[in-house]
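User: I would like to go through this protein with you and ask, term by term, what justifies the words used for it. Please set each value against its cut-off before you conclude.

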Amino acid sequence: MCGILGTVNIEFNKTILDLLEHRGPDDWGIEVVEIGKNKIYFGHRRLSILDLSPLGHQPMEFENFVIVYNGEVYNFKEIRN
């Protein structure tokens with residue numbers, strides 16, 4: 001099971017995220033989103049089960065959206081169709 005960490009206006013780095021390494025030893029990522037004077041920090045430790053490629057790296061970004069979630073999409077083939 002992956003590890004997720006999020007804060008608002010409380011900065012963190014990989015050292016803090018390493019506390020969750022037992023939840024996801026395969027990859028890690030941090031994204032910071034600024035909204036006005038606020039900073040939102042998203043952190044993720046990845047446990048790769050189905051998708052072993054770097055395409056599953058999180059936090060994921062698309063246009064002005066950022067997502068961090070726990071788990072893998074097991075019905076991705078049906079959704080893709």
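The conversation below takes up the fold, the salt bridges, the surface patch and the pocket of a predicted model.

User: What are the elements of the protein, and in which order do they run from the N terminus on?

Analyst: The secondary structure comes to two helices and five strands, and from the N terminus on these elements run β-α-β-β-β-β-α. The C-alpha atoms fill a box of roughly 40 × 30 × 15 Å along the principal axes, and buried residues make up 23% of the 81 residues.

User: What makes the contact between aspartate 18 and lysine 14 a salt bridge?

Analyst: Side chains of opposite charge can pair when their charged atoms come close. The cut-off asks for a side-chain nitrogen of Lys or Arg within 4 Å of a carboxyl oxygen of Asp or Glu; for lysine 14 and aspartate 18 the N to O distance is 2.8 Å, so the pair meets the definition.

User: How do you know that aspartate 18 also forms a salt bridge with arginine 45?

Analyst: The closest N and O atoms of aspartate 18 and arginine 45 are 2.8 Å apart, and therefore they satisfy the limit of 4 Å. This pair links distant parts of the chain, since aspartate 18 sits in the loop between helix H1 (14-17) and strand E2 (27-35), whereas arginine 45 belongs to strand E3, 27 residues apart.

User: Why is arginine 45 called buried, and why is glutamate 21 called partly exposed?

Analyst: Buried means under 20% relative accessible area; arginine 45 has 3% relative accessibility, so the word buried applies. Partly exposed covers the range between that limit and the 50% above which a residue is exposed, and glutamate 21, at 40%, therefore falls in that range. The side chains of arginine 45 and glutamate 21 meet in a salt bridge with an N to O distance of 3.8 Å, which is again within the 4 Å limit.

User: Which residues are linked in a network of salt bridges?

Analyst: Lys14, Asp18, Glu21 and Arg45 are linked in this network, and the structure holds three salt bridges.

User: What makes valine 73 eligible for a nonpolar patch on the surface?

Analyst: A patch residue needs over 30% relative accessible area and no salt bridge. Valine 73 has a relative accessible area of 36%, so the area condition is met. Valine 73 lies in the loop between strand E5 (65-67) and helix H2 (76-80), and the patch consists of Ile49, Leu50, Val73, Tyr74, Phe76 and Ile79, with about 590 Å² of accessible area together.

User: Which residues lie nearest the centre of the largest pocket, and how do the residues of its lining divide?

Analyst: The largest pocket holds about 350 Å³ of space and is lined by 17 residues, with Asp51, Gly56, Tyr69, Glu72 and Val73 nearest its centre. The lining divides into eight nonpolar, five polar and four charged residues, and strand E3 (38-46) and H2 each supply at least two of the lining residues. Val73 thus appears both in the nonpolar patch and among the residues nearest the pocket centre.

Terms used:
Residues are numbered from 1 along each chain as its sequence is written. This is a predicted model: local features need pLDDT of at least 70, side-chain atom pairs count only at pLDDT 80 or more; totals for chains, interfaces and linings use all residues. Side-chain values use heavy atoms; hydrogens and water are left out. Patches are made of residues with over 30% relative accessible area and no salt bridge: like charges are joined within 9 Å, nonpolar side chains (Val, Leu, Ile, Met, Phe, Trp, Tyr) within 5 Å. Accessible areas come from the Shrake-Rupley method with a 1.4 Å probe; for residues, only the protein chains shown count as cover. Helices (H or I, at least four residues) and strands (E, at least two) are DSSP runs, numbered from the N terminus. Buried means under 20% relative accessible area, exposed over 50%, partly exposed in between (1.4 Å probe, protein chains only). On a 1 Å grid over the protein atoms alone, a cavity is a set of points where a 1.4 Å probe fits but cannot get out, and a pocket is an open set with protein on both sides within 12 Å along at least five of seven lines; lining residues have an atom within 4 Å of a point. Grid points are joined across faces, edges and corners, and a volume is the space filled by probe spheres set on the points. Ala, Val, Leu, Ile, Met, Phe, Trp, Tyr, Cys and Pro count as nonpolar, Asp, Glu, Lys and Arg as charged, and the others, Gly among them, as polar.
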